[in-house]
Amino acid sequence: MIRAELESPQPARAHGALAQWNPAPAMAETASPTKELEHLQEDLREVQELLRRHRLVESLVSRTEVPGHERVESLVHQQNVAELRAKLDRMHPADIAYVLEALPLAERLAVWDLVKAERDGEILLEVSDAVRESLIASMDSHELVAATEQLEADEIADLAPDLPDDVIQDVFQSLPVEEREQLRAAMSYPEDAVGALMDFDIVSVREDVTLEVVTRYLRRFDELPDHTDQVFVVDREERLKGVLPLSRLIVAELEDTVAKVMVREMFTLYPDDKAEEAAKAFERYDLVSAAVVDEAGKLVGRVTVNDVMDFVREKSESDALAQAGLREEEDVFSSVWASVRNRWAWLAINLVTAFIASRVIGAFEGSIQRLVALAALMPIVAGIGGNSGNQTITMIVRAIALGQVEVDKAKKLFAKEIGVSLMNGLIWGGMLGIIAYWLYGSVPLGLVMTAAMTLNLVLAALMGVGIPLAMMKLGRDPAVGSSVLITAVTDSGGFFIFLGLATLFLM
């Protein structure tokens, strides 16, 4: 923690590892600006072209036996490697991560070997979990320790689940005592807690100092921690008293004290708070940073908007995968066996539900043989029902994520969605009934089509509300496998309703 004090003309060192902020080496020379997707793809194509030349020269060197050619091609090979390395040096770690994720494993590792060792840690933080595993597997313990030691404690905690235990122990032993405590604290919280998001790059001042002292103090540093929009005001026991927005610091009189200018009403978080709730607060109040305090009110860290955005992105990706029945994020270039292990569980469930649907159809085989039109029309009933169910379940899961839905409001949700499904069923089912009459010249078939469509949409509404609410009540993620389940129910239910009504009224 950085502190400005009247009695200390030099940067003071507070208790623990929060006493000072050591900015990472500036990367102005190598970092590229934020790029649009097309620019990233252009970088990717350039890297792929350099890799192609690299492989071509290697192939020529291995085949040629003409004297003197090996030296020439070796020089060309070195030039290609140097050009590729220079290209990577100019790229931002996030851009390199994008390139690595888009390359097959062999090419990915070839590029990874050309990245400067001091940038390994930053890039490992940026790549997806699945790609990170492949990169870590290619590194020895010494390389992993060297890459990890360059990171802040909160960043090391982010990597820790993917690192071997012996590497974590070596890194832990290599850190100063203060940073060890930070790392231990960061690793003690679950991934979905604020404590897992917070960092320790804090600038704090006392309320009895003047703004002139604060300004002089801050100017001694080359740069402030990222996303610093306010300075935290603490007392001598490190208890948070308020915040000093930089916007106020800039325009206020230098003779004023911090106590006169600071904001006492502020938004604070606790380490055990849910990260999802913190993300909602950042969005609601347009926050850039927020203080994290313990039960005694002592300042222990902060959460910044970039950490929140990373969490929201990862949560969104995880929910999207879960809805499709994928257990975890998958490297698109991973081995066949790894992909099979990731996908098999919900595919097995889907197989069972598909078998049930086939048995439903089999039970009405005689009816289908007598009226072939049923075979042509029944997929429409099931398909529309599945689409409507997915719409409902998406809205409910989103509302649950935003904290807008409670189990005690289930009756209102069911009533509303049943009303929507009845109206859609009568409108679209009626239209399909008219089309069925026009195609097959049967009024009863058109009426059956309308009734089956309406009933299946009602079933989809019931399941679309009931499945996520039931999972929420059981303490499970409402998004997990929801689309697989709703499709299974509307398929089997749609076939049963349509064929049952057809057998009852048409045969």
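Axes here are lines fitted to C-alpha atoms, for helices over the stretch in contact, and the angle between two of them runs from 0 to 180 degrees between N-to-C directions. With that in hand, the helix packing in this predicted model can be walked through pair by pair.

Start with helix 20, which covers residues 410-440, and helix 21, which covers residues 443-473. Their axes come within 7 Å and cross at roughly 155 degrees. Angles over 145 degrees count as roughly antiparallel, so helix 20 is roughly antiparallel to helix 21. The crossing of helix 20 past helix 21 is right-handed. As for what sits in the contact between helix 20 and helix 21, the tally by class is 20 nonpolar, 10 polar and 1 charged residues.

Helix 21 also packs with helix 22, made up of residues 482-506. For helix 21 and helix 22, the axes come within 9 Å, with a crossing angle of roughly 150 degrees. Helix 21 and helix 22 are therefore roughly antiparallel to each other as well. Here, too, the crossing is right-handed. The contact of helix 21 with helix 22 breaks down into 20 nonpolar and 5 polar residues, with no charged ones.

Moving on to the strands, an open sheet is built from 3 of them, in the order 6-7-8, and the pairing is mixed. Strand 6 (268-269) and strand 8 (299-304) take the edges. Each of these edge strands has a single partner strand, so one side of each goes without a neighbour in the sheet. Strand 7 runs over residues 289-293 and pairs with strand 8 in the antiparallel sense, through 5 bridges. To pick out one spot along that pairing, valine 292 stands opposite glycine 301 in strand 8.

What about empty space inside the protein? Rolling a probe the size of a water molecule over the atoms shows where such space is left. In this model, the count comes to 1 cavity of 30 Å³ or more. The largest cavity holds about 30 Å³ of space. Its lining is made up of Asp201, Ile202, Val203, Thr228, Gln230, Phe232 and Arg302. Sorted by class, the residues lining the largest cavity are 3 nonpolar, 2 polar and 2 charged. One of the lining residues, Arg302, falls within the 299-304 stretch of strand 8, the edge strand that pairs with strand 7.

Technical notes. Residues are numbered from 1 along each chain as its sequence is written. This is a predicted model: local features need pLDDT of at least 70, side-chain atom pairs count only at pLDDT 80 or more; totals for chains, interfaces and linings use all residues. Side-chain values use heavy atoms; hydrogens and water are left out. Helices (H or I, at least four residues) and strands (E, at least two) are DSSP runs, numbered from the N terminus. Angles under 35 degrees count as roughly parallel, over 145 as roughly antiparallel, 65 to 115 as roughly perpendicular and the rest as oblique. A crossing is left-handed if the near helix is turned anticlockwise from the far one by less than a right angle, and right-handed if clockwise. Ala, Val, Leu, Ile, Met, Phe, Trp, Tyr, Cys and Pro count as nonpolar, Asp, Glu, Lys and Arg as charged, and the others, Gly among them, as polar. On a 1 Å grid over the protein atoms alone, a cavity is a set of points where a 1.4 Å probe fits but cannot get out, and a pocket is an open set with protein on both sides within 12 Å along at least five of seven lines; lining residues have an atom within 4 Å of a point. Grid points are joined across faces, edges and corners, and a volume is the space filled by probe spheres set on the points. Two strands pair if DSSP finds at least two bridges between them.
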